[in-house]
Amino acid sequence: MRALIRILSVLLLSAPLFGFSQSNEFTIKGKIEGLDAPSKIYLVDPWLKTAIDSAIVNNGEFELRGIVREPDLRVLYLNKNNSGFSKTLRDAVSLYLEAGTIKVTNAKAQLAGSKVSGTFNNDASITYLQML
């Protein structure tokens with residue numbers, strides 16, 4: 001009986017290792033009309049003012065992927081001439097980085113004013129801003 005309890009305990013404690021835990025993966029998919037290479041998008045930590053990741057825009061689309069431990073505020077910056085990330089870049093949009101697929105869309109050739117949706121906190125942010 002004790003052997004059975006030990007086996008069940010080990011199985012239950014190792015369940016997260018076998019994919020039973022919640023995924024922490026995020027994907028940011030963007031569609032910004034009128035943009036193309038060499039435009040580049042930077043995912044930035046606003047507190048540290050450092051770029052975490054980047055992606056080149058191809059035919060108005062970009063994608064960033066990674067792992068996030070918990071939802072956190074991040075900023076996407078656009079540099080149209082791909083001269084690197086700089087704290088002086090102004091074309092930006094804030095988002096909540098969290099597990100799931102985050103969609104960033106804009107019909108103008110800019111990042112500012114983009115609609116950010118697709119995950120719980122980003123959708124709640126849209127609802128909140130509409131109520132103001």
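Biologist: How many salt bridges does the count come to?
Modeller: This is a predicted model. Side chains of opposite charge can pair when their charged atoms come close. Here the cut-off is a side-chain nitrogen of Lys or Arg within 4 Å of a carboxyl oxygen of Asp or Glu. By that rule the number of salt bridges is four.

Biologist: Which side chain meets Asp-45 in a salt bridge?
Modeller: The N to O distance of this pair is 3.7 Å. The two residues are 29 apart in the chain, with Asp-45 in strand E2 and its partner in strand E5. That partner is Arg-74.

Biologist: Is Asp-45 buried or exposed?
Modeller: Buried means under 20% relative accessible area. Asp-45 has 9%, so the residue falls under that limit. Its partner Arg-74 has 12% and counts as buried too. For Asp-45, the class is buried.

Biologist: Which residues are linked with Arg-74 in a network of salt bridges?
Modeller: Arg-74 bridges to Asp-45 at 3.7 Å, N to O. Arg-74 also forms a salt bridge with Asp-72, with the closest N and O atoms 3.1 Å apart. Asp-72 is partly exposed, at 30% relative accessible area. The network therefore joins Arg-74 with Asp-45 and Asp-72.

Biologist: How far apart are the closest N and O atoms of Arg-65 and Glu-63?
Modeller: These two residues form another of the salt bridges. Arg-65 is exposed, with a relative accessible area of 55%. Glu-63 counts as partly exposed, at 37%. The closest N and O atoms are apart by 2.6 Å.

Biologist: What is the order of the four strands in the open sheet?
Modeller: Strands of a sheet pair through backbone hydrogen bonds, either parallel or antiparallel. In this sheet the pairing is mixed, and the strand order is E4-E1-E7-E8.

Biologist: Which strands stand at the edges of the sheet, each with a single partner strand?
Modeller: The order E4-E1-E7-E8 describes an open sheet. A strand with a single partner has one side without a neighbour in the sheet, so that strand stands at an edge. The edge strands are E4 (61–67) and E8 (115–117).

Biologist: How many bridges join E1 to strand E7?
Modeller: E7 covers residues 100–106, and the two strands run parallel. One bridge partnership puts Lys-29 opposite Lys-103 in E7. The bridges joining E1 to E7 number seven.

Biologist: At about what angle to E8 does helix H2 run?
Modeller: Helix H2 spans residues 120–131. The helix lies across E7 and E8. Its angle to E8 is about 130°.

Biologist: Is Ile-28 buried or exposed?
Modeller: Ile-28 lies in strand E1, residues 25–32. Beyond its neighbours within four places in sequence, its contacts include Leu-43, Phe-62, Leu-76, Leu-95 and Ile-102. Its relative accessibility is 0%, so Ile-28 counts as buried.

Biologist: How far apart in space are Ile-28 and Leu-64, C-alpha to C-alpha?
Modeller: In sequence, Ile-28 and Leu-64 are 36 residues apart. Yet Leu-64 is among the contacts of Ile-28. Their C-alpha to C-alpha distance is 5.0 Å.

Biologist: With which side chain does the side chain of Ser-114 make a polar contact?
Modeller: Ser-114 sits in the loop between E7 and E8. At 10% relative accessibility, Ser-114 counts as buried. Residues touching Ser-114 include Ile-32, Val-93 and Val-104. The polar contact, at 3.3 Å, is with Asn-106.

Biologist: Which residue takes a positive phi in the hairpin of E2 and E3?
Modeller: E2 (residues 40–45) and E3 (residues 50–56) run antiparallel and are joined by six bridges. In one partnership Ile-41 faces Ala-55 of E3. Four residues lie between the strands of this hairpin, and the positive phi, near 55°, belongs to Lys-49.

Biologist: What is the angle between the planes of Tyr-42 and Phe-85?
Modeller: The structure holds two aromatic pairs. Tyr-42 and Phe-85 form a tilted one, 5.8 Å centre to centre. The pair spans 43 residues, from strand E2 to the loop between E5 and E6. The angle between their planes is 50°.

Biologist: Which residues do ring pairs link into a cluster?
Modeller: Tyr-42 counts as buried, at 6% relative accessibility. Phe-85 counts as partly exposed, at 25%. The cluster consists of Tyr-42, Tyr-77 and Phe-85.

Note on methods: Residues numbered from 1 in each chain as written. Predicted model: local features only at pLDDT ≥ 70, side-chain atom pairs only at ≥ 80, totals over all residues. Heavy atoms only, no water. Buried < 20%, exposed > 50% of the residue type's maximum accessible area, 1.4 Å probe, protein only. Contact = heavy atoms within 4.5 Å. Pairing = 2+ DSSP bridges. Axes fitted to C-alpha atoms, helices over the stretch in contact; angles between N-to-C directions. Polar contact = N/O pair within 3.5 Å; in protein donor to acceptor, adjacent residues only side chain to side chain. Phe/Tyr/Trp six-rings, centres within 6.5 Å; stacked < 30°, edge-to-face > 60°.
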